[in-house]
Amino acid sequence: MPLEIASTGTALVTGASSGYGEALTRTLVANGWNVIAAARRLDKLQQLQSELGDAVYPLQIDVSDPAAVDGLLSRLPASLAQVDLLVNNAGVALGREPAQQARAEDWAQMIAVNVAGLAHVTQALLPGMVERGRGHIVNIGSIAGQFSYPGANVYGATKAFVRQFTMNLKADLLGTPVRVSVVEPGMTEGTEFSNVRFKGDDARVAATYEGTEALKADDVAQAVLWMISRPAHVNVTCIQLMPVCQAPAQVAIHRKPRN
Ligand code: 8X3
């Protein structure tokens, strides 16, 4: 059976300046959507617009700034004010140190963007979707929200929030046609994720991907496209994807040194 064509409309993608957000912006535009591409780096968004055309509307915003999110809808032109698809993609991982060595500022920033920012943007757009009887929210989580690994501490916990928030939204939206989904990617290469996480330590970034064939941002964009292309009565609640070379393999055991 051929893949259904995604229904189109207006999408708002946070974190659209790079990585999954950029790939998704390209995919949505290619499938007929108008995309409000939201991120902090306006120059990157403007580049996307000049490349993809007027289907892209650049919106400079920091989702961790409550006042900016409160004013989000008022900054949109009337033709784009009714958002049909929200992709809560903006997120950040900072550090891989054990919790006892992690920096408080890193934890605070991850919570501000991945948890508070995501919830706040949702709160800004969801009432309109329910009122209009049309909408889909896709949250970008991570396999780190389900599986533990050393150094994932607060990052993984923020992504566990994303998963559970999605499921709780699903419960609240019962009786409305608004859909809600979470996508949980594993290791992905070719994005800024690890450069940000390791704060520009190129050797650690290179070591992370050495000998692997990781997911690409487009793999994630295609998963989102499939989700939003399902018939209106189908709510894909969760897609989790990992590269073949990655697995949540074992519970670790620390052994005492032999005497
Ligand atoms: C990032 C995926 O595998 O690096 O969200 O934790 S992983």
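The following conversation walks through the strands, helices and ligand surroundings of a predicted model.

Colleague: How should the residue numbers and the values be read?
Modeller: Residues are numbered from 1 along each chain as its sequence is written, and side-chain values use heavy atoms, with hydrogens and water left out. Because this is a predicted model, local features need pLDDT of at least 70 and side-chain atom pairs count only at pLDDT 80 or more, while totals for chains, interfaces and linings use all residues.

Colleague: In what order do the seven strands of the open sheet stand?
Modeller: Helices (H or I, at least four residues) and strands (E, at least two) are DSSP runs, numbered from the N terminus, and two strands pair if DSSP finds at least two bridges between them. β3 and β9 (238–241) stand at the edges with a single partner strand each, so one side of each has no neighbour in the sheet. The pairing is parallel, and the order is β3-β2-β1-β4-β5-β6-β9.

Colleague: Is strand β2 (residues 34–39) largely enclosed or largely open?
Modeller: Buried means under 20% relative accessible area, exposed over 50%, and partly exposed in between, with a 1.4 Å probe and protein chains only. Five of the six residues of β2 are buried, so the rest of the structure leaves this strand largely enclosed.

Colleague: Which residue of β2 is the bridge partner of Val13?
Modeller: Strand β1 (residues 10–14) runs parallel to β2, and five bridges join them. Between these two strands the chain passes through helix α1 (residues 19–30), in a right-handed β-α-β crossover, a term for a path from the first strand over the helix to the second that runs clockwise when the strands point away from the viewer. In β2, Thr14 has Ala38 as its bridge partner, and the partner of Val13 is Ala37.

Colleague: Which residue of β3 is the bridge partner of Ile36?
Modeller: β2 also pairs in the parallel sense with strand β3 (residues 56–60), over five bridges. From β2 the chain reaches β3 through helix α2 (residues 42–52), and this crossover is right-handed too. The bridge partner of Ile36 in β3 is Tyr57.

Colleague: Which residues of β5 are buried on each of its faces?
Modeller: In a regular strand the side chains alternate between the two faces of the sheet. In β5, five of five residues are buried, so that both faces are covered. On one side these are His136, Val138 and Ile140, and on the other they are Ile137 and Asn139.

Colleague: Which residue of β6 stands opposite Asn139?
Modeller: Five bridges join β5 to strand β6 (residues 179–185), and the two run parallel. Together with helix α5 (residues 153–172), β5 and β6 make a right-handed β-α-β unit. Opposite Asn139 in β6 stands Val182.

Colleague: Which side chain makes a polar contact with the side chain of Asp84?
Modeller: Asp84 lies in the loop between α3 (66–70) and β4 (85–88), and Asp84 is buried, with a relative accessible area of 12%. A polar contact is a pair of N or O atoms within 3.5 Å; within protein, one must be able to donate a hydrogen and the other to accept it, and residues adjacent in sequence count only if both atoms are side-chain atoms. At 2.8 Å, the partner of Asp84 is Arg134.

Colleague: How far does a polar side-chain atom of Tyr149 lie from an oxygen atom of the ligand?
Modeller: The residues around the ligand, meaning those with a heavy atom within 4 Å of it, include Tyr149, Tyr155 and Gln246. An N or O atom in the side chain of Tyr155 is 2.6 Å from a ligand oxygen atom, and for Gln246 the value is 3.0 Å. For Tyr149 the distance is 2.5 Å.
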